[in-house]
Every structure is written in structure tokens, then in C-alpha cells.
Amino acid sequence: MARYSAPLQLNYSAEDIQRGVEKAIADASKVLDSVAAQSAPTFANAVAPLAQSYNVFAAATRVLTFLQYVSPSEAVRDASSKADMVLDGFAVERDMHAGAFTAVRAVLNNYDEMSGLDPEDQRLVEHMEKQFRRNGVQLGAEQRQRVSWIDKRVGKLEIDFVRNISQDKSCVLLSCQELDGLPAEFFSNRKVKLSDGIKKLVVATRPADIKLVLQHATSEATRKTAYVAHANRCPENIALLREAVDLRLEKATLLGYASYAEYALEDSMIKTPGAVVEMEMDLVAKLLPLARKEMAQLCALKREEQEAAGLTFTGIYEWDYNRYTAQAAAQQSKLDVGQVKEYFALEMVLPGILQLYASTLGLNIVEADGSAFIGDVLLDLYERPDKYQEIAVWPIRLGFEREDGSRETPVSALVASFPEPTAAVPHLLSHNSAISLVQALGHIFQNLCAKSKWACCKLPRDYMTISAQMFTQWMWQPAALRTFARHYQTNEPIPEELCARLAAARAPGSALKELRQVFRGLYDIDIHTNGNFDVRSHYNEVAARVALVNNGDADVGKAATLAHLMEGYSGLYASFMLAAMASSDMFESRFATDIASPRAGADFRAEVLQPGGSRDPATSIERFLGRQPTSQAFLTMYQDNFEDEEFVGNIDVVADSYANVAGIEEGEYDDDELLQQQQQQAQAGVQAIPEQVRRFLGHLYRNLLSSNVSDLSYNYENQFARLSEKYYAKASWPDPMFVAALVGDDGIFLTLYRELYYRHIYSRLHPSLETRFRSFENYCDLFNYILNSDGPLELELPNQWLWDIVDEFIYQFQSFCTHRSRLNKRTAEEVELLKANPQVWNTYSVLNVLYSLIQKSNINQQLLASQQGDDVVEAAG
């Protein structure tokens, strides 16, 4: 079968781009007006024409906006960038078209018509109606106008942010002496400039140059100079990011969301900010102990090198990370990085990886039209001025079903900025660059293999990242490597022994590397949940706290080049870690025994790639796996390291806590047997807590410490109820003495946890008299903590939780009064216990607590201040 679509044209002038934009907008506007005019909207006369219009609009315009990243012509790049802003502005107006929204909603509400549609068409209607609402079409005119302006403004900020990075020409001048240790090819064809009468080489601050300097330069001063220059590129971008964050929050608030992160994640697979933080902090808990070990190893390597050179070791900094991580890997695996690169010549690796993808997925790759044609791949691999600098993929045209039933075939462009090969030596990729190439090709095959009717049903970012990352596992598998990694001179496949050393080099620095992804995800959630952060300094603070990043005395602004937050991943950066875990599970489950299994490849293509946006992505993954994905495969290489770190330490704390609860002080044990028995009980208590519950409690504790009220609210109102239903529908939550281990025996957290613990017993079980007593004592502890403080507490809880605490306190008092009044139903022992403890749930004590809370809150002063127009916060004290 011949190709369905005409070859893509790329030879546009600035005038061509302008005309193309005007035509696309005019054509789409006609369809919008036609749909809005329908007196009796149906799928055929409203939804399908809109979807076709979206498809055709994207096919006509994506190539026009792509040229800003790759065109050698400044006029074309400028025209493309301007077109991007104009098209974004039109898309905002299109997606807020009230008449079109009314027509789509009418179809959605027509039960008879919806029930007659196939599942893909039903999903289209639901998706389209939801996107209209997410764009604010249901708001009042003034609010719609504001949301429209915000979308256009943020679109421009994002375009300017990315363009500043791609067109950055900053550099540092370094002498050959300063660059001691760099490989010979680094100096080939490099420009030279005079600086203070000394010839120096021009080193661009782009990643390709800087990474080589950071890894190979023997001089720490050189590495620091290069790192600081690289980390301070595009300082003007900080203001753009700050403004975008503020505007995104304003838009989310207008649309009724608590934060922009909540808005962004609604359409993702992970769904909520609370779930993101839970996932990320769970990874921090597991990876941080190993990362500290890795950091200690890097420190030892640098200290040894410094002392050998007669220098004083002062610590390890971010400009040291690449160098000593590479040394650690080489030391453990005896790996010669230079030798590895000889097997990764770009001109040989790229065709080999393409062929491996093709054979796995059941495809053929040819340079011309062939049978069963599914799409085109464009390659633009080598550097030139003003070109996008990273490895990236643009889906220039998505595949979809045309109105006449024929198919528009997709086109994807792979863009990179590798140095041009020389006549003597081709461009040799590092292993990491080859991994990036495999991942980029994963995005390409995702676009090529998708075969849904409607391209406008977009896939969530996290799902796209999952399927793109899965085959990066090939880069550690000898059976895969030997199909495309060949020596650039002899064409011999990479030796098995070298493959084994590559695999051995994977672990050193791995936890530190993963934590760098984790901290960016947490930073993204932070700034898009609480807009009050300084986006520049907070990036450095989170990096230091989560990923052990040490910038020393250097003032850096790396947030200015975190392009993903301005390229569609705002609020969604955690997609990368979710993808890493899910894709590891998918590969391990289906490809571990046969890295290019045709059967597994066919299933992957049919269940994961081909459906595109035609169904729920979670369904696609579950059908491929036969179950929901887990993180186990991802964490396998850390398992031996973190299990003891995390759980044995916790058991020790539990043992201490258990002894304290029993009233036994240190040194008072009667014998070793009693201590052993208690420790065994403590260990059993910890092990009995489900892993998901442990993560929830750890997350709740961390949010309490950081006063993260938004995530506390989510965990309290949603997760607690969900886990109660799943694990404790007919049982109590874990005993507080065991939970103490997970929170470092934190007193105030345990008091709050006990309040939930006893409340759950009251709501789901039958509280014993002893439970009623213990709950009263816990309330006394909690209210004493609040009422005896000299000033405002360093404790922030969601309003709903605070309300529920007081409400439950009153409820338990009433329940106790009823329980106590029925003495004829109490045992003699219970009656004696009640007589001996008249202060428990005493009416005077309860009323005194409630009165004291009113006085402590200064509520009367606040109400008076509100009436008089004074500062309510000041009145509250």
C-alpha cells in the first residue's frame, strides 16, 4: 500500500508561514460557527466536524511552529515563533467558544445518541466537553476574558523561555592548561580568542560541552567556572517562570481548583498533588540512605585525588558530581568510558536502534514508500547556530482518520545537536547520550504506531513518557547492545565482557541520579501548589534537601533552564519518575527473558501504542501487563541496599517506643529474655503494617512537619478514608506504639494519630471502656498542648480536620454519658472503674475545654475586628 499522505514540506518562507496561519485559523473558525449554528446538535453534525477541524488544524500548523527550533533562517525562526503565539491565542479562543460548547454538551446529554456511539466516539465527546470546561467556557464573561488573556500570556512566556535557551550563545574562555584532562577530540576545530593576551578556547555553556568539562577537567577551579556559567544561563528566564507560575495559579483559582498542580494533574494518570508527593517522598525514603553512601564514596575519591595533588579536601560540590560519579563507576566496573564510546558511533548506532525497534514492533524501515506505510521520521542530528540544543522529538503531524475514511499518516522529527563528525572519527556517543536517543525514538514510535480516529484526544504526559522510556532497558542488556553497538573501525559487536562492565557501572551514583529527578518533581509541585516561593532560590533549597546537591558558595539559577516546566510539563514533572517505575515493570514482566520478543512487541504495539488516546491509558497498561503496574522492578537494584536501612532502623525505634509504653525505663529489664520478647513483638507490629499504609503515615508526618496544609487536607479527607475501607473496614488502625517508629516517636504527631485511631474505632467498631478512657486522655494531651502554649502554635491543620476534632470530642462525650448512664448493662468491674475515675469525660472538664478553646482563639475579638473593618489576623493574635 502506498503512502497515504503527501511528504511533509519544510521549505517555508516567513511569508508562507503567515499565510498558512491565516488560512488555518479561517478554516477552523468557519467550522466553529457552523457547529454553533446547529439547532439540533448530533455527533455527526457537531462533534465529528469539530474533531476533524482540530485534526486538520494541527496537521497544517505544527510544522509551521516547529521551524522556530531548527530553521537556519532568522526570518523564518522569528515568523515561526510569532506564528506559535498567534496560533496559541486562537486555540484559547476556540477552546472557549460558547456556541461549540453548547453543541457538544447537548450531544453528551443525549443518552440515546451517546449509547449508540462506539467507545472511541463516546470518549471523544466526553473528552471534548471536559476540555471546554477546563478552559473556562462555563465562567462569566469577565472571568472568561481573564482566563483567555492568561492562557495567551502564559503561551508567550513559555515560547520566550524556551527560545532564550535554544538561542543562548553564552560561553567561557579557558586555556589548554585549564582544560587539562579533556579528550583530544574536544579541542578539534574549536574557536580561539585572546583574553588578557592569552589564547583561550571558546567553550559554549551548552550541555554537550559543559558535561565533558565537568567529567574530565582535572582542575576543580575549571570545573567550578564551567558549572557556574552553565547554571546561570538565561537569567532573564527567572522572571518569565515567576510570572507564569503566578498566572497559572490565578487561572486554576478562577476555574475552582485549589492549585495549578491540582488542575494540571486532573487529566494525568497520577491524578492529584498528594499522590505525587506520596510517590516522590516514598522514593526519597528508599533512595536517600543509599545516596548518602554514594556521596561518601564520591567524597573519598575526591579526597584521595586532592591529597595526591597536595591540595586540601574541602568537600564535594555539584561541579564535582560528574567527574567522581564517572570515577566511581569506572572503579567498580573497571569501565573505560573512552573504550565504550568507540562502540557508539552515531552513524552506526542510530540505524541499529531503529532496526531493533522495528523488529520488536513488527515494522519495516525504508527510505521510500513501502507496503503498509504508517508514517515518516525526519532526522536533524547535528549542531548549527541558533538550533535547539537538546535531544528532542516533535510530533509534527499526528495520525488520524480523514472525513472520507482515508488516513492521514503521522510525521515525527528527531532533533539533536551533536557535533559534526570529522573525516577521521565519527561522532562517538557516550552511553548516557545513547540512552537519551533510545528514549527519543520511543516517542517517535509512539506517534507512528498510534491508530486512533481522533488525534485531538491527547495522551497524558505521564503515559507518553512511560511508553517512551520502556526500551531504554535495552541499554543494559547484552543481547540488545550487541545488535547495534559496534566498533566504529572494525564493525565488531561490543564484547560480552564490556557489556557486563556497563551493567556493573549502572549502580554507582544511581540513587543520587534518581533523586535529581525526584527533587525536580517536588520543586514543580511546590511552586505550582504554593505560589509564594522564590522560584530561583527554592530550586536550590529543594535540590540540597532532597538530592544532596551542594553548590558551595556559588550563586546559581538553574531554574532558568528547567525547560520542561515551560514545555508542557508544568505541574507534571513527576511524570518522569512514574514512567521510570511503570516502564521498568513493563519491560521486566514481558521482555526480561527475550529483549526483542515479537509476541511481547506485538502486544505492546496493540495494547499500549496503537490505541493512542482512544481509551483510558491505565486500561492500556493493565491489558499489556495483565495487572496494575508496581514499583518493584524499578527498585530491584536498590533492594539489597535499602531494605535494612529503612526497616531495621524503624524496628529499633519501635522497640524503644514499646518499652516506654510499657513503663519500663532503660536498664530495668529483668532479663534478656523479656527484652527479646518485646523486640520480637515490636518487629511483628511493624511488619504487620501494609506498605501502602506506611507510605501514607510517612507522607502525613512529613506534611505536618512542613505545614503543607493542601496535601494534609488531601490525605486526611481522601486517603485516610480510602485506606480505612481497604485495610481496616472491620479492624482498628495500627497501634500507635508501632506507628511511633515511622515518625521518630514524634509526640504531637502521635497525639493526632491517636485521635484518628480512636475515632476510627468509634465509627467502625465498638469501643471498650478502656478505649473510651484512653481517647479522653489523648484529647487532654492534645488540648493541653494547644491551650498551654504561650503564642501561636507551629502547627497547621486543615480546617476540616480541626472542625472534626472538636466535633468528635463532643460526640465521644455524649456517647460516654449514654454508656455511663446504663449501669445495669455494665459489669461489676466496669462499674467500679467508672466510680474510681469520675474525672474521665466529666461534664465540667469538657465544658471548660470548649470555653478555653473559644478564649484562646480570640474569636470574639476577631468578629469585632471584622465588623469594624480592622485586621482580623492581628486580632487573632
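Helix H35, which covers residues 843-857 of this predicted model, is a good place to begin, for its 15 residues reach 21 Å from the first C-alpha to the last, close to the 21 Å expected at 1.5 Å a residue. Along H35, the residues Val-846, Val-849 and Leu-853 are buried. These three cover an arc of only 60 degrees around the axis, which puts them on the same side of H35. On the other side of H35 the picture is reversed, since Tyr-844, Leu-847 and Tyr-851 are exposed there. If you look for what covers the buried residues of H35, you will find that the cover includes helix H32, made of residues 769-787, and helix H33, made of residues 799-821. Just after H35 comes Asn-858, which takes a positive phi of about 55 degrees.

From this helix we can turn to a sheet elsewhere in the chain. Three strands form an open sheet here, in the order E4-E8-E5, and their pairing is mixed. Strand E4 (376-382) and strand E5 (392-397) stand at the edges, and because each has a single partner strand, one side of each is left without a neighbour in the sheet. From one strand to the next, the twist averages 20 degrees. Strand E8, which holds residues 411-418, runs parallel to E4, and six bridges join the two. To see one such pairing in detail, find Asp-380, whose bridge partner in E8 is Val-415.

Helices also lie against this sheet. Helix H17, residues 431-449, packs on the sheet and touches E4, E5 and E8, while its direction makes about 165 degrees with that of E8. Helix H2, residues 43-66, lies across E5 and E8 and runs at about 145 degrees to E5.

The cysteines are the last topic. A disulfide is a covalent bond between the sulfur atoms of two cysteines. How many disulfides does the model contain? When a pair of cysteine sulfur atoms must lie within 2.5 Å to be counted, the count comes to zero disulfides. Cys-817 illustrates this result, for it is in no disulfide, and the nearest cysteine sulfur, that of Cys-780, is 14 Å away. Is Cys-449 buried or exposed? Cys-449 has a relative accessibility of 4%, and because buried means under 20%, Cys-449 counts as buried. Cys-817, by contrast, has a relative accessibility of 25%, and therefore counts as partly exposed.

Conventions:
Residues are numbered from 1 along each chain as its sequence is written. This is a predicted model: local features need pLDDT of at least 70, side-chain atom pairs count only at pLDDT 80 or more; totals for chains, interfaces and linings use all residues. Side-chain values use heavy atoms; hydrogens and water are left out. Two strands pair if DSSP finds at least two bridges between them. Helices (H or I, at least four residues) and strands (E, at least two) are DSSP runs, numbered from the N terminus. Axes are lines fitted to C-alpha atoms, for helices over the stretch in contact, and angles run from 0 to 180 degrees between N-to-C directions. Contact means heavy atoms within 4.5 Å. Buried means under 20% relative accessible area, exposed over 50%, partly exposed in between (1.4 Å probe, protein chains only). The expected span of a helix is 1.5 Å times one less than its number of residues. The arc is that of the directions from the helix axis to the C-beta atoms.
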